[in-house]
Structure formats: structure tokens, C-alpha cells
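Me: I am new to this structure and would like to learn how its descriptions are reached. Could we go through them with the reasons spelled out?

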Amino acid sequence: MQILNYINGELLAPKSGNFLDNYEPATGKVYGTIPDSDSEDIDLAVQAAKNAFPNWANCGNETRAEWLFKIAEGIQKHFQEFAAAESRDNGKPITLAQKVDIPRAISNFEFYAKAITQYHSSSHSMEGKAINYTLRQAMGVVGCISPWNLPLYLFSWKIAPALAAGNTVVAKPSEITPATAFLLSKVCIEIGLPPGVLNIVHGSGGSTGTAIVSHPNIKAISFTGGTATGEKIASIAAPKFKKLSLELGGKNPNIIFADCDYEKMLTTTVLSSFSNQGQICLCGSRIFVERSIYEKFKKDFVDRVSLLVPGDPSDSATKMGAVVSKSHMEKILSYIEIAKNEGGTILTGGKQRFVGGRCENGWFVEPTVIEGLSYDCRTNQEEIFGPVVTIMPFDTEEEVLKFANSTRYGLAAILWTNNLLRTHRLAELLECGILWVNCWLVRDLRTPFGGVKDSGVGREGGFEALDFFTEPKNVCIYFGNN
Ligand code: TXE
């Protein structure tokens with residue numbers, strides 16, 4: 001699959017003529033190429049977006065909503081092609097792409113098509129003297145940069161509100177998983193989206209990504225990815241006073257009290273630990289279990305996890321696919337070694353999995369459960385972002401709160417208990433942006449999405465994203481007598 005940039009409504013090769021290899025994680029083999037774009041390509045994209053901005057910003061919410069619905073319909077029309085491309089590009093099971101990634105990308109466009117027609121601002125009356133009203137205006141050209149774990153899901157989660165709000169967009173997917181962004185380009189061409197409204201430029205983070213972040217005509221950057229990268233982006237964008245939305249890493253606690261609904265907790269905890277091979281920033285990778293049920297949980301959880309056998313992602317029976325890249329597999333395996341050196345015991349998994357057949361050279365890691373570590377060791381403090389979780393017992397709320405809040409991150413948390421007072425107490429005290437109680441990954445797109453501490457800055461979702469992608473202007477009209 002030779003992927004091209006989508007600039008000003010056309011599919012273009014990079015000006016440099018340079019391309020990068022694109023790998024299939026399940027086989028470890030190159031299966032296509034993507035543009036290795038640079039600042040020349042970004043300049044072209046920004047110019048196209050600038051030219052398209054006035055008409056797009058002024059065509060009205062209803063018209064923009066219609067275009068977003070057409071994009072959603074276009075993805076739906078090519079649903080299986082998108083799902084197969086996502087699975088092949090990322091290594092995730094085809095069933096996950098079919099059940100989660102592609103349906104959610106469609107929902108993202110549909111949600112913001114509806115949301116923009118309901119979006120409103122405010123007015124403030126100074127009785128007998130003046131009336132203030134707040135205009136919320138589109139910003140201009142904005143940049144959207146997304147990661148490899150949920151490629152189209154997170155790419156569309158940024159593009160949809162940016163477009164709905166009337167901005168024109170220069171967007172870059174991860175160079176590791178570009179395929180569905182390319183298919184999205186073809187949908188935009190198929191539906192006749194006005195040229196320049198959306199521009200998708202492929203390439204590496206250091207070159208293409210940096211060109212977006214530093215471009216003087218790009219007013220805001222919406223980024224999802226690693227905390228280290230977020231720091232780099234902020235160091236460039238902040239002195240240029242660009243608006244920044246940064247959704248970064250996580251090291252989420254999963255807190256299990258003895259009074260929980262045990263069976264539901266166990267089933268959900270397998271998912272919150274290993275969905276997408278543990279490559280979701282919302283996964284609960286640190287599992288804290290009230291001591292009275294720790295041994296029972298340990299046995300039952302390990303029994304369930306040992307049934308999760310990595311396999312060919314294209315097989316609809318597969319529940320565990322490949323991890324996204326060779327270097328990421330090596331990073332995950334290196335953390336398992338660190339855990340052993342820190343005194344951890346591997347209860348199941350712990351090794352690269354050789355799947356055989358067409359996948360004999362693929363990048364697979366066994367789902368891994370580790371116990372016997374301290375809450376403040378590297379394994380429990382650093383984001384691994386793979387199919388690796390730690391489990392440990394706790395005795396009191398105060399103790400588990402200390403464990404849970406002990407990392408530099410604060411993205412999500414999971415809490416299993418039927419004690420209402422405890423739920424409210426911990427909800428206030430847990431340092432996170434999202435808390436799931438007796439569930440995981442239940443998502444209402446109207447809610448604020450994002451984290452605290454080193455998990456990021458700002459919120460996505462609902463009207464929060466429309467607030468981010470607009471500039472508020474207060475207009476004060478005086479009608480007093482003096
Ligand atoms: O993120 P990167 P990756 C975390 C997780 C993972 C780590 C790396 O820890 O291991 O991030 O994942 C572009 N200027 N999460 O490699 O490197 C890059 O091309 C501008 C959590 O995906 O941050 C890609 O498009 N752009 C996260 C995007 O940034 C740059 C989900 C993300 O790349 C750039 C995924 C630069 N200097 C990973 N460097 C979450 N919170 O959901 C890279 N990029």
C-alpha cells in the first residue's frame with residue numbers, strides 16, 4: 001500500500017520524493033510506504049488550509065454538520081476495508097477494530113456534527129446600562145497530531161471538533177499506523193469535501209510533526225502521545241503562544257475492594273488490563289486488591305489471563321494481537337526484565353510469543369502478570385504501555401490511596417466497590433481526570449476527557465473540545481443614559 005499525502009483535496013507524493021517503510025506488526029514485514037514529509041509539504045498544507053478557511057468558517061454550523069455526517073457515512077460505506085487496514089497496520093485483533101476502533105471513529109464525526117448545532121455561548125446583562133455577549137469564533141488553521149495505539153479513533157477525535165468549530169486542519173497520524181488516515185483521505189475525496197478544509201500529511205514526528213508544531217500560521221495544536229513528546233511540543237509551541245491540548249501517558253490504578261461484584265470485576269479487569277495488547281492510555285496496569293480477597297483474585301485472574309493466547313490478528317478468534325512495533329516489543333520485554341530485577345515474580349506470561357505460520361516473525365508478547373513489587377519501584381512508576389500488569393494487596397483506603405497517587409501521572413483510575421460513601425471519598429481524593437466505578441471504558445462523548453499531572457493539559461470531549469477549538473470574544477454594548 002503506497003500512502004500519499006492529502007493536500008488541497010489531492011493525493012500527493014512528498015516534495016522530497018522520500019518515503020518511509022510501513023510494517024505489518026503481525027508478520028514483522030514491510031507491506032507499504034508512507035511519505036516522509038517535511039516543512040515544504042506542511043507549508044503547502046497550511047496554505048491550502050488558509051485558503052479554505054474563510055468559506056469553511058462562514059458556511060454555518062448546519063453545513064459543517066452535514067459534511068461531518070457525510071464523512072461518517074463514507075467511513076461506514078467502507079467499514080470492513082477500514083477495519084482490516086487498522087488491524088493490519090496496528091496488529092490489533094480484527095474483531096477489536098470492528099467493535100471499537102472504526103465504530104468509534106464514525107461516532108466521533110457524528111457526535112460533533114450534532115454537537116456543533118447545539119453549541120452556544122453566553123451573555124451578561126448589566127441592567128439598564130449594557131449587554132455583554134460572548135462570540136465564539138473559529139481560530140483558523142489548527143494542527144492535530146495523533147498516536148499509533150487507536151489510530152483512526154484518536155485521529156478523528158481531534159479532527160471532528162476542529163472542523164465542526166469552523167477551523168481548517170493540518171493533521172498527522174503516527175508514521176507507525178498511517179493506513180486508516182489514508183483511507184479517510186479517500187473518503188474526503190469521494191464525498192467532495194472542499195479542498196483544503198482537511199489536509200493529512202504523513203511522516204515522522206521529528207520532521208513532519210515538528211514542522212506542524214512550529215508553523216507560524218497554525219494557531220493551536222491538539223496532540224495525543226507520549227509525555228516526553230508532549231514536553232518537546234510544549235517547548236516549541238508555548239513561546240509562540242499557541243493553544244495546546246496535550247493527552248499524554250498514564251499509569252492507571254485499578255483498585256479492587258472485597259465488597260465488589262466479584263465476577264463482573266474479574267471479567268472487566270482482564271479487559272482493562274489487556275485490551276489492545278495493553279496499548280491504551282486508559283488501561284489499568286497497577287492492580288491493587290484488598291488483602292482479604294487477594295489470594296482468590298490472584299488465582300482466578302491468572303487462570304483467566306493464561307487463556308489469552310496471542311494469535312494472528314486477522315483471525316476473528318484472536319483476542320490478543322501483536323504489539324505495534326519491534327522497538328515497542330523490546331521496550332515491553334525490557335520492563336519485564338526490570339520487574340524481575342526489582343524482585344517481581346512472573347505469575348503468567350513474561351516472554352515474547354512465537355505464533356508461527358505467516359506470523360512467525362511477528363511482534364507478540366504474552367499477557368504478563370507480576371506480583372511481589374513495591375508500589376514505588378520503576379515497574380510500578382513508569383508507563384510500559386503493553387500487556388503487562390502488576391498486582392499487590394492493600395489493607396486500608398489510606399494505604400491504597402497513597403499507592404494509587406504515587407506516580408507522576410494522573411489520567412484514569414478504576415474503582416471496584418459497592419460502598420457508596422467510600423466511592424465519593426476516593427472520587428474526590430484520587431489524582432486523575434477520569435474515574436470509572438464498577439466499570440471500565442464506558443464512554444459518554446459529552447464528558448471531559450483528559451488527565452492531570454504529567455498525563456497532560458486540557459480536556460477533549462463534548463463542548464470542552466469546541467471551547468478549545470474556538471476563541472471567545474466578549475462584546476459589550478452600552479445603552480445607559482450617561
Ligand atoms: O507516541 P509519540 P507513540 C505513550 C506511550 C507510548 C508513547 C510513545 O507511553 O509508549 O506514548 O507512543 C508524533 N513533534 N502513548 O510513539 O512518540 C508522532 O509522529 C511533533 C500514550 O505513539 O509521542 C505521532 O504521530 N510530533 C498515548 C505522535 O506524535 C511528534 C497513546 C505520537 O508519537 C514529535 C499513545 C515531535 N517532536 C502513546 N515526536 C495516549 N495518552 O493515548 C513524535 N511526534
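Me: How many cavities of 30 Å³ or more does a search of the whole structure find, and what makes a space a cavity?
Reply: In this predicted model, the search of the whole structure finds six of them. A space is called a cavity because a 1.4 Å probe fits there but cannot get out. The largest cavity holds about 90 Å³ of space, and that value is set against the cut-off of 30 Å³ or more used in the search.

Me: Which residues line the largest cavity, and what classes do they fall into?
Reply: Its lining consists of 13 residues, and among these G250, G278, S285, E383 and F385 lie nearest the centre of the cavity. By class, the lining divides into six nonpolar, five polar and two charged residues, where Gly counts as polar.

Me: Which residues come nearest to the ligand?
Reply: Among the 27 residues around the ligand, the nearest are S146, K172, E175, L248 and E383. E383 is also one of the residues nearest the centre of the largest cavity.

Me: Why is the approach of S146 to the ligand called a polar contact?
Reply: A backbone N or O atom of S146 lies 2.7 Å from an oxygen atom of the ligand, and the pair therefore meets the cut-off of within 3.5 Å for N or O atoms. For W148, an N or O atom of the side chain is 2.8 Å from a ligand oxygen atom, while a polar side-chain atom of K172 lies 2.7 Å from an oxygen atom of the ligand. Of the 810 Å² of accessible area that the ligand has on its own, the protein covers 88%.

Me: Why is the ligand said to lie between two domains?
Reply: Domain 1 (5-248 + 455-475) and domain 2 (252-437) both contribute residues to the shell around the ligand, and therefore the ligand lies between them. Helix α7 gives the largest share of that shell, four residues, and the shell has ten nonpolar, eleven polar and six charged residues.

Notes. Residues numbered from 1 in each chain as written. Predicted model: local features only at pLDDT ≥ 70, side-chain atom pairs only at ≥ 80, totals over all residues. Heavy atoms only, no water. Near = heavy atom within 4 Å. Polar contact = N/O pair within 3.5 Å; in protein donor to acceptor, adjacent residues only side chain to side chain. Areas by Shrake-Rupley, 256 points an atom, 1.4 Å probe, with all protein chains shown as cover. Helix = DSSP H or I, 4+ residues; strand = E, 2+ residues; numbered from the N terminus. Domains from an automatic or database assignment. 1 Å grid on protein atoms, 1.4 Å probe; cavity = no way out; pocket = protein on both sides within 12 Å on 5 of 7 lines; lining within 4 Å. Points joined across faces, edges and corners; volume = space filled by probe spheres on them.
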